[in-house]
Amino acid sequence: MTIRITALALAGACSLLAVPMAANAQVSVNINVPGLVMTAPPPPRYEPAPPPRGGFVWVPGRWAWDGRAYAWQRGSWQPERVGYAYAPGRWVEDRGGWRWADGDWRRREERREREWNDDHRRHDRGDDRRGHDRDRGDFCPPGQAKKGNC
């Protein structure tokens, strides 16, 4: 009988020791968002652009994430698209990490250049009908600086 009591006491003591260990358990969840890199990219590497090449546009090199570390990808030539300008890609901060935004082709704004020329011809004649104070160098209507109109 004393052996049973001793065995039960020993089992109870062991169970009391196991309870605090279970309370210290931790759960870690890591959710990988596709295309999101948690390590900031290194600063851009200087890469001299080669001399112009007819019918092609130089796309500068970039840091690319290979799954474990950044690796430098050299610049390359891309065929030119008439009426478009190339906007290079860039690393963008997103949700606590970094995401690569690919470069793309943007339509050149010939209309804005025509409007600018017409506006200056009107101003030279003293016939500025828009009402903007063009003589003040610091004046720019709200929202127009971001659009490149000032």
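## Working through strand E6 and its surroundings

Among contacts between residues at least 6 apart in sequence (contact means heavy atoms within 4.5 Å), 40% join residues at least 24 apart. Before starting, note that this is a predicted model, in which local features need pLDDT of at least 70, side-chain atom pairs count only at pLDDT 80 or more, and totals for chains, interfaces and linings use all residues. Residues are numbered from 1 along each chain as its sequence is written, and side-chain values use heavy atoms, with hydrogens and water left out.

**Exercise 1. Work out the overall layout: how many helices and strands are there, and what share of the residues counts as buried?**

Step 1. Take the elements as DSSP runs numbered from the N terminus, with helices being H or I of at least four residues and strands being E of at least two. The tally is 2 helices and 8 strands.

Step 2. Put them in sequence order, and you get α-β-β-β-β-β-β-β-β-α.

Step 3. Now burial: buried means under 20% relative accessible area, exposed over 50%, and partly exposed in between, using a 1.4 Å probe and protein chains only. On that scale, 12% of the 150 residues are buried.

**Exercise 2. Find which residues make up the largest nonpolar core, then follow Trp91 and Tyr70 outward from there.**

Step 1. A nonpolar core is a set of buried Ala, Val, Leu, Ile, Met, Phe, Trp, Tyr and Cys residues joined through side-chain atoms within 4.5 Å. The largest one has 5 residues: Val37, Trp63, Tyr70, Trp72 and Trp91. As a general backdrop, nonpolar side chains in soluble globular proteins tend to be buried together.

Step 2. Trp91 sits in strand E6. Trp91 counts as buried because its relative accessible area is 17%.

Step 3. List the contacts of Trp91, skipping neighbours within four places in sequence: they include Val37, Trp63 and Tyr70, along with Trp98 and Trp100. A polar atom of the Trp91 side chain also lies 3.0 Å from the backbone oxygen of Trp63. The C-alpha atoms of Trp91 and Ala101 are 6.1 Å apart, with their positions 10 residues apart along the chain.

Step 4. Do the same for Tyr70, again leaving out residues up to four places away: among its partners are Val37, Thr39, Pro41, Pro42, Trp63 and Trp91.

**Exercise 3. Compare Glu93, Asp94 and Arg95: which are buried and which exposed?**

Step 1. Glu93 belongs to strand E6. With a relative accessible area of 61%, Glu93 is exposed. Ala40 is 53 residues away in sequence, yet the C-alpha atoms of Glu93 and Ala40 are 8.5 Å apart.

Step 2. Asp94 is in strand E6 too, which covers residues 90–94. Asp94 is buried, since its relative accessible area is 18%. Beyond four places in sequence, Asp94 has contacts with Leu36 and Arg99. The side chains of Asp94 and Arg99 share a polar contact of 3.2 Å (a pair of N or O atoms within 3.5 Å; within protein, one must be able to donate a hydrogen and the other to accept it, and residues adjacent in sequence count only if both atoms are side-chain atoms).

Step 3. Arg95 falls in the loop between E6 and strand E7 (97–101). Arg95 is exposed, its relative accessible area being 61%. Check its backbone as well: Arg95 is not a glycine, but has a positive phi of about 50°. In general, most residues other than glycine have a negative phi.

**Exercise 4. Place Glu47 and say what it touches.**

Step 1. Look in the loop between helix H1 (2–23) and strand E1 (56–59), and there is Glu47.

Step 2. Glu47 is partly exposed, as its relative accessible area is 23%.

Step 3. Leaving aside neighbours within four places, Glu47 is in contact with Trp58, Pro60, Gly61, Trp72, Arg74 and Gly75. For Gly75, the sequence separation from Glu47 is 28 residues and the C-alpha to C-alpha distance is 7.8 Å.
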